[in-house]
Amino acid sequence: MTAGGAAIPTSATPITQAEAKQGAEYHPQLLAEFGGAMSGTHATYVEQVGKNIAVQSGLGNARESFTVSLLNSPVNNAFAIPGGYIYTTRQLVTLMNSEAELAAVLGHEVGHVAARHSQRRQAAAQKNTLLGLGGAILSGLLLGDSGLGQTLSRTFLQGSQLLTLKFSRKQELEADGLGIEYLGRAGYDRRAMGTVLASLAAQNALDARLSGQDANVPEWASTHPDPASRVQSALAKAGAPGTAGTVSNRDTFLSRIDGLRYGDDPAQGLIEGSTFIHPELRLAFTAPQGYYMVNGTRAVSIQGQGGKAQMTTAAYSGNLEAYLRSAFTAVGGQNSTLAPQTIERTTVNGLPAAYGTARVNNGNSQVDLVVFAYEFARDRAFHFVVIAPAGRAGTFNPMFQSMRRITTAEAGAVVPRKLQVVTVARGDTVASLSRRMAYDTAQEERFRVLNALAGSATVTPGQKVKLVVRGN
């Protein structure tokens, strides 16, 4: 199989010059999409572990052959692109419970690079670019594979999976296997691949239950489908306990990730229940009842049964109607004539606002596309883009009316969450420790998933555990 007319290297072939060039080209774009690369002690530790596992692959004969980045993103994700570029989000690191698990996730990503999975997916799709192959997040349910659906999907992929590919189950299992091989060569417990996948599956299930969504479509599914089904396979490949390497470095790992940001970064805005609040941009809005939000670097996605929406911004020159029309054009694409049928002016909580709707044919059905824009300053505006079945966009009216400025005091009162590693004391229990979690709901469930304490597992004095607390 070939990608772009060139033969795809085998998994035993070191990184080629062409792959290194492609990776270097996409690397800054990917960083921009996922919150940027973190620096400091947490990032240095992740880079060290990542390079140590990467050299086990034979892809490069030196640690310098690889670029390992810790991303400032609140979603559970990890990925790689050709050329030896490997990434994990800080959120996924907080879910891990040992250095071996960190090495497993990064080793899995190195496995994708070694097996040239990106190139094979590209060749199968007869594409020569990493862009746009992720599949539609927003428009899939409503628009399927129609031309409009493809156009809208490109718009709504921003801040999520724009530069990454969805791998097949066969490729995931192959990357798991290669990652397990690398773990063994480095002396780590090979079972760490199975245990970190189990934690990820448990987190997916908890997230789905708390948001009322389908547990079979986790966040990591944008690039890594169905970790739950891979757990037993990974454990079987690893071998019996004691035969599979011994190093886990659990306490070292927990000490090194203490203080890592958990969840949203105030610089990107925070989701608190059904409200999104951005202390730096000084705005807040509330999602419709029954909808859930996903915060990305460039946009906030709002998703539910009756439609999908996104809140974002664009260049603003002081003309709200022109801004609104440009938003329609952006959704439709450069060659589109997509435009609002009418534009209405209004005021929302003291903010000048305008909105427009376009009804679009989609095969046998019709959908409404609504853009609702607000002027915050002469050079700054924000807008929602909504897509809903024809006649049903009214579901989002309360959200449109909820957009408001926040005060300096409100902005100052926003305190993010972070990871705190504590040592279990005599008298501490799962229940008592869970009450220290900075959440109003499901405290014990969150604590158990965070610490891989399944079923009725308990804690013992002297053991290190993770808590999520408020703090900068």
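This report walks through the salt bridges and nonpolar cores of the structure above, which is a predicted model.

**Charged pairs**

Let's start with the charged side chains. Side chains of opposite charge can pair when their charged atoms come close. In this model there are 10 salt bridges. Three of them are set out here, each with its N to O distance and the relative accessible area of both partners.

| Arg | Glu | N to O distance |
|---|---|---|
| R209, 48% (partly exposed) | E445, 36% (partly exposed) | 2.6 Å |
| R378, 58% (exposed) | E375, 13% (buried) | 3.6 Å |
| R404, 31% (partly exposed) | E410, 27% (partly exposed) | 2.9 Å |

The pair of R209 and E445, with 2.6 Å from N to O, links distant parts of the chain, its residues being 236 apart. R209 belongs to helix α9, which covers residues 192-211, while E445 sits in helix α16, covering residues 443-450. R209 counts as partly exposed because its relative accessibility of 48% lies between the 20% and 50% limits. E445, at 36%, is partly exposed too.

Now for R378 and E375: which of these partners is buried, and which is exposed? R378 is exposed because its 58% is over the 50% limit, whereas E375 is buried because its 13% is under 20%. Their side chains still meet in a salt bridge, at 3.6 Å from N to O.

R404 and E410 form a salt bridge of 2.9 Å. Here R404 is partly exposed at 31%, and E410 is partly exposed at 27%.

Salt bridges can also join up into a network, as they do for E272, R417 and R470.

**Nonpolar cores**

Turning to the nonpolar side chains, the largest core has 60 residues. Which residues have the most contacts inside it? They are V93, M96, L102, L183, F253, L433 and F447. Helix α4, residues 99-114, gives this core its largest share, with nine residues.

F447 is a good place to zoom in. Leaving aside residues up to four places away in sequence, F447 touches V430, L433, S434, M437, L453, V465, K466 and L467. One of these, L433, is also listed with F447 among the residues with the most contacts inside the core. The neighbours of F447 include S434 and K466 as well.

Apart from the largest core lies another one, made up of 27 residues. Among its members are F376, F382, F384 and A393.

Definitions and conventions. Residues numbered from 1 in each chain as written. Predicted model: local features only at pLDDT ≥ 70, side-chain atom pairs only at ≥ 80, totals over all residues. Heavy atoms only, no water. Salt bridge = Lys/Arg side-chain N within 4 Å of Asp/Glu carboxyl O. Helix = DSSP H or I, 4+ residues; strand = E, 2+ residues; numbered from the N terminus. Buried < 20%, exposed > 50% of the residue type's maximum accessible area, 1.4 Å probe, protein only. Core = buried A, V, L, I, M, F, W, Y, C linked by side-chain atoms within 4.5 Å. Contact = heavy atoms within 4.5 Å.
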